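Please look through the sequence and the structure below before reading on. The briefing that follows takes up a few topics in turn.

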Amino acid sequence: MDIARFYNLLENKLSFMITSHVSPDGDSIGSVLALTLALLKNEKKAVPVIKDDIPRKYKFLPGTELIEKDISETFDVIIVLDCGDIERLGFDRQLKEYGPIVVNIDHHKSNSYFGDLNLVDTTASSVGEMIYRLLDGRVELDYDIALNLYTSIITDTGSIKYSNTTPLSIRILADLVDKGVRPDYVSRQVFEMRSPASIKLLKSVLSTLEISADGKVATLYITQEMLKTANADEDDTDGMINYAREIEGVEVAAIFRETDDSVIKVGLRSNEWVDVSMIAAKFNGGGHPRAAGCQVKLPLKEAREIVLKAINHAMEDSGERRN
Ligand SMILES: [Mn+2]
């Protein structure tokens, strides 16, 4: 069993690299840090590596200062968290060049089982939840670890609002609150702290709203010019897609963001029945049925057209068989 082999590695190997996908989110950062802190507590060498910037709002998490962006060392074990596809890690070298054993712990349906060990549970709300289940009873989950795990679960479930929320995920959150995590503190850090620039940007982003004739698809976009005018950066765009998703009658929401290297980053969300991870996969992206993303190397107008076409196809295809 891969779980027994996993515990074996934790016990017998000495050095670990813990990594996750680019465009890090609460689940990837929280689970990477929780596992890192647990290994350090057990006197192992553990280095968290994320090949991207950490969004400001996650800097409150204990251990963020340990995260490395570039690494040249090698390790006994590489543990990949919350990442269905090895390409999304953003490494320019083969993962095996960093260590001989790759462990893949994930909850994405699209996971490609790229590890030597694969712990994939598509029923888990988040990888934070999986790490809790793997560590509970083996490592003392102190406040710092609990805060990271709580943040993983609360972000991937949208504050226990999304369809991946289960009785178990709520029970685990309750246990983490027992360990001292304050829900109001995390909520304020992660969901309720907007910069003045982001509100200024939001004004112009909302003016780009378009809703399809049948009312089921809503789109927004963000240009480099809009970012500059508002003096905003990538972090400030976070969560804006929800204004489109929350419109009554809308099933699929999309946001298109121009980056400075002429790539359009596309965020996709759905409410009830369209699997947006399938749409993202058409453009080599990925994610979950209700939240996914991809990148399109085209000018904004063309990128919107091509993705909207894919959304419309997906809506026709999944019209009968809701998922
Ligand atoms: Mn996740």
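Which are the buried residues of α3? In this predicted model, they are V127, G128, E129, M130, I131, Y132, L134 and L135. The points below begin with this helix and then turn to the metal site and a pocket.

**Helix α3**
- Helix α3 covers residues 127–135, and because eight of its nine residues are buried, the helix is largely enclosed by the rest of the structure.
- After α3 comes G137, a residue whose phi is positive, near 90 degrees.

**The manganese site**
- The manganese ion has as its protein donors D27 (OD), D82 (OD), H107 (NE2) and D156 (OD), which lie 2.1 to 2.3 Å from the ion.
- Along the chain, these donors follow the spacing D-x54-D-x24-H-x48-D.
- The pair D27 and D82 links distant parts of the chain, 55 residues apart, with D27 in helix α2 (residues 26–41) and D82 in the loop between β3 (77–81) and β4 (101–106).
- D27 is buried, with a relative accessible area of 0%, and D82 is also buried, with a relative accessible area of 1%.

**The second largest pocket**
- The second largest pocket has a volume of about 230 Å³, and of the 16 residues that line it, S110, A281, G285, G286 and G287 are the closest to its centre.
- Both domain 1 (2–191) and domain 2 (196–317) give residues to the lining of this pocket, so the pocket lies between them.
- At least two lining residues each come from α10 (276–281) and β10 (286–287), and α10 gives the most, with three residues.
- By class, the lining of this pocket has three nonpolar, eight polar and five charged residues.

Key
Residues are numbered from 1 along each chain as its sequence is written. This is a predicted model: local features need pLDDT of at least 70, side-chain atom pairs count only at pLDDT 80 or more; totals for chains, interfaces and linings use all residues. Side-chain values use heavy atoms; hydrogens and water are left out. Buried means under 20% relative accessible area, exposed over 50%, partly exposed in between (1.4 Å probe, protein chains only). Helices (H or I, at least four residues) and strands (E, at least two) are DSSP runs, numbered from the N terminus. On a 1 Å grid over the protein atoms alone, a cavity is a set of points where a 1.4 Å probe fits but cannot get out, and a pocket is an open set with protein on both sides within 12 Å along at least five of seven lines; lining residues have an atom within 4 Å of a point. Grid points are joined across faces, edges and corners, and a volume is the space filled by probe spheres set on the points. Ala, Val, Leu, Ile, Met, Phe, Trp, Tyr, Cys and Pro count as nonpolar, Asp, Glu, Lys and Arg as charged, and the others, Gly among them, as polar. Domain bounds come from an automatic or database domain assignment. Donors are N, O and S atoms within 2.8 Å of the metal (3.2 Å for Na, K and Ca); water is not among the atoms, so sites may look incomplete.
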